[in-house]
Amino acid sequence: MTSTQSQKSSDIAISIRNLFKIFGDDPKSVLPQLHDGIDKADVQRKTGHVIGLNNINVDIQSGKITVIMGLSGSGKSTLIRHINRLIEPTAGEILLDGENILNLPDDKLRQLRQTRMSMVFQKFALLPHRTVLQNTMLAPMVRNEDKVKSEKEARYWLSRVELDGYEDAYPHQLSGGMQQRVGIARALTSNADFMLMDEAFSALDPLIRTSMQDLLLDLQEDLHKTIIFITHDLDEALKIADHLVVLKDGFVVQQGNPQHIILNPSDPYIEEFVSDINRARVLRVGSVMKPAKTTKKTTGSIAGSIDSKQSLEQLIAQADGDVKGLYAVTEMDKVVGHIEMTQVYKALVRYNLTTSRRAK
Amino acid sequence: MAAFENVFSFFGLSEWCDSGKQKALISLKSLKNEETAWWDIPFPSLDNLHKACGSIPQSRDLTASLEDGFLYIRPSLRTVLDPITQPLSWMLDSALYLFTNTPWWILLPLFILAVQWSARSWKITAFVVGCIIFYLATDHYTYAMQTLSIIFVCTVLCVVIGVPTGILMARSNTFQRMLIPILDMLQTLPTFVYLIPLIFIFKITEPKLYGLAIILYAIVPVIRLTDLGIRLVDKDVIEAANAYGMTKRQLLFNVQVPLAMPNIMAGVNQTIMMSLAMVVIASLVSAPGLGTLVLDGINNLRLGVGFMAGIGIVLLAIILDRVSKSALKRMNKTYHG
């Protein structure tokens, strides 16, 4: 099922270029004013138009999970709906295989949605009059494919999301978490290489949410789908993101590697955002360590070694609370760098606190 | 009647008025020459103005000209409507023939099967059997079957026409705005008023006359509730269907209509009940069935006949309502638990 997923990890699958969306009676008229960098509330007061998206530029990497994060009203749901054009943009382009999705005629667009993009919704959006199996078979059914073959496929994906035995149940008979697993099975059965997930786990309670995140990461390990995931939950974003895009009031505040964003927040909005997280659990040893090249000479003896993927919390536990000492950081049993415990504790303190102290 | 004469002469219209005056017979009343007080000014209605000025028409001329106008367009209306509605007559005739000529011992098991299939409740089936036995025992069976066959044909036609109309209405706001006043009018027009233009156009002995009256009256709820049902379909589900690239047609038949089904069925239930109400009134224009017995009871003051027929109608109403409602309930259960 994943034969098409053999591209290099750094390939750009979709690039969003200068995308604007303005809601109102005459969006085009407001467009020129936006380039001058007008405030969202200002535009609304003056013209009665609401800015949905303001000059979005994002590259979505093939086979990776791109998380778009923002508070409600930041335009994240609007943005994801532009990728399969459930919402029409005001200006800009979205390039997929060099073709602008926004120029596709209706039949081509329908074909794109049928074969290349699947979607998972916050409120599950299952068909209430169809059984779980029939719901899972939605995409092949829309494509008018052979029933027997698609049923086999649907059953396979239902078992992958651990829903065997529920094929003939109706959605209302399942719990929220189970319904969303049907939603995921439905998306996987479509066999599309892109998966759009719109706050897919936001309606679930915290424990189920965690297990759904694990399920997604598990599936992603073999499938390498290109996933665009929307969330307002920073912990969720940090857990699953390969690439994190932070939206505020319709524009991109910062994007990049999530670890990098935590350690180097580019503006007060992000700082505030990341201030509440448990840094020890989120930050990885690999992002705090000094790479092997720069530390030519290691002073003192090495107290032990730790994998670069481990969190700082695990390192502290391994050091048994010791505040000094040097640890070797390994990747596949090869030393890639070193980390000092003092460095670890420094990384746990919020960025703005350390800088303000230094200023004194 | 000097009240308005002065007005006309003031404007110099006396001559024009007199030219329209007809030499009417002098009635006793006009000779009596009543004294009128100054505050006794009548409203300048057509009749009162006519008295002052013969050129202004009377109210009865208005109704007469309406009638003339209607009679004038009648032949052309007939040539258009007659062939279009002829199948309705055939359908009603054949349904009446079928329902009244099939022996009761064939029809009874068929009814049991139909009721059991749609309602899935032995209680309701037993009730239906009891009612049919009541009709058979009191010799109201043929009348009840006639009424039922008319309702059957009219309801089927209402659904066949009404559901697509409702779908179109849900898809186009313009069409909805155009249709709503017409539906409002059909729903508020007194039932007898339906019959008037139909009597003009069609012969009173034609079944399509009452068929049309019933359909016009009963089609409104099925149209309205189809429109409502489709408009109420969960936006999230529609979005999901679009996200997976459904065509408009797939969306309609796989999502919108099935999800609107509970509302559509509620509309069908209403339509059935309204056809029953109208079929009784339609007995005035030769619709056969229990209604004719009621009419007989009223016309000839035969209390017992009218009362028994009334009970028969009530039982029929209960049967139709329970069967269609339990079918609706069953549908709701599979969808929403």
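The paragraphs below lead through a predicted model of two chains, taking the overall form of each chain, then the sheets and helix packing of chain A, then the helices of chain B, and last the contact between them.

Chain A is built from 17 helices and 14 strands, and its C-alpha trace extends over about 70 × 55 × 35 Å along the principal axes. Its radius of gyration is 23 Å, which agrees with the value near 21 Å that a compact globule of 360 residues would have. Chain B, by contrast in its make-up, contains 15 helices and zero strands. Its radius of gyration of 28 Å is well over the 20 Å that the globule rule gives for 337 residues, so chain B is more spread out than a compact globule. Along its principal axes, the C-alpha trace of chain B spans about 80 × 60 × 40 Å.

Two of the sheets in chain A can be followed strand by strand. Strands of a sheet pair through backbone hydrogen bonds, in either the parallel or the antiparallel sense. One sheet of chain A is an open arrangement of four strands in the order β2-β1-β4-β5, with antiparallel pairing. Its edges are formed by β2 (50-61) and β5 (99-100) of chain A, each of which pairs on one side only. Within this sheet, β1(A), residues 12-23, is joined to β2(A) over eight bridges in the antiparallel sense, and the register of the pair can be read from K21(A), which stands opposite L53(A) of β2(A). A helix also belongs to this part of the picture: α1(A), residues 27-34, lies across β1, β2 and β4 (91-96) of chain A, and runs at about 110° to β1(A).

The other sheet to be followed is also open and has four strands, in the order β11-β14-β13-β12 of chain A, but here the pairing is mixed. At its edges stand β11 (290-291) and β12 (302-307) of chain A, and because each has a single partner strand, one side of each is left without a neighbour in the sheet. Starting from the β12(A) edge, the pairing with β13(A), residues 326-331, is parallel and extends over five bridges, with I302(A) placed opposite L326(A) of β13(A). The next pairing, between β13(A) and β14(A), is antiparallel and has six bridges; one of the bridge partnerships here is that of E331(A) with K334(A) in β14(A). These two strands, β13(A) and β14(A), form a hairpin with two residues between them, and M332(A) in the turn has a positive phi of about 55°. At the opposite end of the strand order, β14(A), residues 334-340, is joined to β11(A) by two bridges in the antiparallel sense, and P291(A) has G337(A) of β14(A) as its bridge partner.

Chain A also offers an example of helix packing. The axes of α7(A), residues 147-160, and α8(A), residues 176-189, come within 9 Å of each other and cross at roughly 135°, and the two helices are therefore oblique to each other. The crossing of α7(A) past α8(A) is right-handed. On the α7(A) side the contact is made by E153(A), A154(A), W157(A) and L158(A), and on the α8(A) side by A185(A), L188(A) and T189(A). By class, these residues divide into five nonpolar, one polar and one charged.

In chain B, a comparable description can be given for α9(B), residues 173-188, and α11(B), residues 207-231, which pack at an angle of about 140° with their axes 9 Å apart. This pair, α9(B) and α11(B), is therefore also oblique, and α9(B) passes α11(B) in a left-handed crossing. The contact involves Q176(B), L183(B), L186(B) and Q187(B) of α9(B), together with L216(B), Y217(B), V220(B), I223(B), R224(B) and D227(B) of α11(B). Its residues comprise six nonpolar, two polar and two charged.

The two chains meet in a contact that takes 18 residues from chain B and 20 residues from chain A. On the side of chain B that touches chain A, at least two residues each are supplied by α12 (235-243), α13 (248-281) and α15 (303-336) of chain B, and the largest share, six residues, comes from α12(B). By class, this side of chain B has nine nonpolar, seven polar and two charged residues.

Notes. Residues are numbered from 1 along each chain as its sequence is written. Chains are lettered from A and ligands numbered from 1 in the order in which they are written. This is a predicted model: local features need pLDDT of at least 70, side-chain atom pairs count only at pLDDT 80 or more; totals for chains, interfaces and linings use all residues. Two residues are in contact if their C-beta atoms, placed from the backbone, lie within 7 Å. Ala, Val, Leu, Ile, Met, Phe, Trp, Tyr, Cys and Pro count as nonpolar, Asp, Glu, Lys and Arg as charged, and the others, Gly among them, as polar. Axes are lines fitted to C-alpha atoms, for helices over the stretch in contact, and angles run from 0 to 180 degrees between N-to-C directions. Angles under 35 degrees count as roughly parallel, over 145 as roughly antiparallel, 65 to 115 as roughly perpendicular and the rest as oblique. A crossing is left-handed if the near helix is turned anticlockwise from the far one by less than a right angle, and right-handed if clockwise. Two strands pair if DSSP finds at least two bridges between them. The radius of gyration is taken over C-alpha atoms; the globule rule is 2.2 Å times the number of residues to the power 0.38.
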